[in-house]
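Please take a look at the structure below and read along with this short report. We will go through it one region at a time.

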There are 2 protein chains.
Amino acid sequence: MSTTRPTKSPYHHGDLRRAILTAALDVIAADGPSALSLRDLARRAGVSHAAPAHHFKDRTGLLTAIAAEGFGLLAGAIGEAADLKDAGVRYVRFAREHPAHFQVMFAPELLRDGDLELTTSRALATDALRGAVSAVPPEGRGPDARLAGVAAWSLAHGFATLLLGHNLDGAVGERDPEEVFRVLASMLFRPAPA
Amino acid sequence: MSTTRPTKSPYHHGDLRRAILTAALDVIAADGPSALSLRDLARRAGVSHAAPAHHFKDRTGLLTAIAAEGFGLLAGAIGEAADLKDAGVRYVRFAREHPAHFQVMFAPELLRDGDLELTTSRALATDALRGAVSAVPPEGRGPDARLAGVAAWSLAHGFATLLLGHNLDGAVGERDPEEVFRVLASMLFRPAPA
DNA sequence: GAGGCAATCTTGTCAGTGTCAAGTTGTGGA
DNA sequence: TCCACAACTTGACACTGACAAGATTGCCTC
């Protein structure tokens, strides 16, 4: 009776948790987190309206799980970066490939504050960013390495956010956003004037 | 019977529209737009549950009005900027002083697309930003003036967003965020190496 | 100043939602 | 085989946004 079941069904539904997560990501990417309805997700998965609660407790739990997953993915992406500029490019790429995760990750009022899984995966991502910053030679960053990280994060985060909100459609035009960001990043980190 | 009425009462309530806007800004600043309830706002203003609808039509209308007001305020702030760095500082200051406006302004899925008031006030803000960019001497910005504007906007927007989300508490610490941003801005726009 | 009109607000209602409690079904281990 | 537990269902409740229709109030005109 189910629509898209992954052939095997170890439990009643198959993998309801994943099914609901995926459906939620679709909805959020299309219409934002506020358009999310647990009952609608249950309907899409072909289960009863209260089934999602067993996997995520409540709405906040679902969104927290999404955010945690997002930070894990982001940490993985940044961890493989060659240098800081590459890390920024990967940050922007992550936001474009996982817009729903990205939105939820930075909407703290939608998340469960003390959640362990969220805290650890966020720490992982922060560490990855710190690692990329510390790889920059001292003459490339300013006097304060901490602020160099803030600058890089701000630039990448702002660009990604504005991009997803279609605020840069005119300025970026047909160009590849990642290439545009490379230009921005090279404006930020270049040797100080003689 | 009303709690805080501005002495005069030109209509039934006084100024219900403003009262609801103000209450909405309080709620959003505290718990985000998703915590907003029209019925709750009506309760706070001491009116019936359907009263807000007459001023804003629906939830989207209320949020659209807030966004339009925000872009108007932002345009005014940036319009008075001395140079691009100052415009960035004012952008960050605006976000800190009007966090609710700022959040809503950049949540397009919560807004009425074609709204006239929103479109015009947003255009005003965009023009103000463009003006600040064009005031930068050519050697300070890169080859493409358009991209210089994108870089400045991205840096300011990212910094403001991360700041409001308490993602920079550790890095900024006790320092004045505006001063921190000045440092970031001077990293972005400095003469090209010889 | 009296009457009418439109803006403002109220009352009532409906479908939809999140969340809780209690019951049912299926699974894997002893 | 049986039992404990996880996965899910059913039912209920308070709350919400939205709509329709009615009541009230201030203003404008004559």
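The report that follows covers the two DNA strands, one helix beside the DNA, a group of aromatic rings and a few single residues.

## Before we start

Please keep in mind that this is a predicted model.

## Around DNA strand C

Let us begin with DNA strand C. There are 21 residues around this strand, and those that come nearest are A:R39, A:R43, B:S48, B:H54 and B:H55. Two helices each supply at least two residues of this surface: α2 (38-45) of chain A and α3 (51-56) of chain B. Sorted by class, the surface near DNA strand C holds seven nonpolar, nine polar and five charged residues.

Which part of the strand faces the protein? Of the strand C atoms within 4 Å of the protein, 60% are sugar or phosphate atoms, while the rest belong to bases. Some single contacts fill in the picture. A backbone N or O atom of A:L38 sits 2.9 Å from a phosphate oxygen of strand C, and for B:S48 a backbone N or O atom lies 2.5 Å from a phosphate oxygen of this strand. B:H49 reaches a base instead: a polar atom of its side chain is 2.8 Å from a base oxygen of DNA strand C.

## Around DNA strand D

Now turn to DNA strand D. It is surrounded by 23 residues, and the closest are A:S48, A:H55, B:L38, B:R39 and B:R43. Of the strand D atoms that come within 4 Å of the protein, 58% belong to sugar and phosphate. Here α3 of chain A and α2 (38-45) of chain B each supply at least two residues of the nearby surface. That surface divides into nine nonpolar, nine polar and five charged residues.

Three contacts with phosphate oxygens are good to look for. From chain A, a polar side-chain atom of A:H55 lies 2.6 Å from a phosphate oxygen of DNA strand D. From chain B, the side chain of B:R43 has an N or O atom 2.7 Å from a phosphate oxygen of the strand. B:R59 uses its backbone, with a polar backbone atom 3.0 Å from a phosphate oxygen of strand D.

## Helix α2 of chain A

We met this helix beside DNA strand C, so where are its buried residues? They are A:L41, A:A42 and A:A45. These residues cover an arc of only 100° around the axis, and therefore they lie on the same side of α2(A). A general rule helps here: an α-helix has 3.6 residues a turn, so residues three or four places apart point the same way.

What do the buried residues of α2(A) pack against? Their partners are α1 (16-31), α3 (51-56) and α4 of chain A. Just after the helix comes A:G46, with a positive phi of about 75°.

## A cluster of aromatic rings

Over all chains, the structure holds eight aromatic pairs. One of them joins A:F71 and A:F106, edge-to-face, with 5.9 Å from centre to centre and 70° between the planes. A:F71 lies in helix α4 (residues 59-79) of chain A, whereas A:F106 is in the loop between α6 (99-105) and α7 (116-134) of that chain, so the pair ties together parts that are 35 residues apart in sequence.

Are A:F71 and A:F106 buried or exposed? Both are buried. They also belong to one aromatic cluster together with A:Y91 and A:F102.

## A buried threonine

Helix α4 of chain A is also the place of A:T64. This residue has a relative accessible area of 2%, so it counts as buried. Its side chain reaches the backbone oxygen of A:T60 at 2.7 Å. Leaving aside neighbours within four places in sequence, A:T64 is in contact with A:L111, A:R112, A:D115 and A:L118.

## A lysine in each chain

Finally, look at the loop between α3 and α4 of chain A, where A:K57 is found. The phi of A:K57 is near 70°, a positive value in a residue other than glycine. At 63% relative accessibility, A:K57 is exposed.

Chain B has B:K57 in the loop between α3 and α4 (59-79). For B:K57 too, phi is positive and near 70°, again in a residue other than glycine. Its relative accessibility is 64%, so B:K57 counts as exposed.

Terms used
Residues numbered from 1 in each chain as written. Chains lettered and ligands numbered in written order. Predicted model: local features only at pLDDT ≥ 70, side-chain atom pairs only at ≥ 80, totals over all residues. Heavy atoms only, no water. Phe/Tyr/Trp six-rings, centres within 6.5 Å; stacked < 30°, edge-to-face > 60°. Helix = DSSP H or I, 4+ residues; strand = E, 2+ residues; numbered from the N terminus. Buried < 20%, exposed > 50% of the residue type's maximum accessible area, 1.4 Å probe, protein only. Near = heavy atom within 4 Å. Polar contact = N/O pair within 3.5 Å; in protein donor to acceptor, adjacent residues only side chain to side chain. Nonpolar A, V, L, I, M, F, W, Y, C, P; charged D, E, K, R; others polar. Arc of directions from axis to C-beta. Contact = heavy atoms within 4.5 Å.
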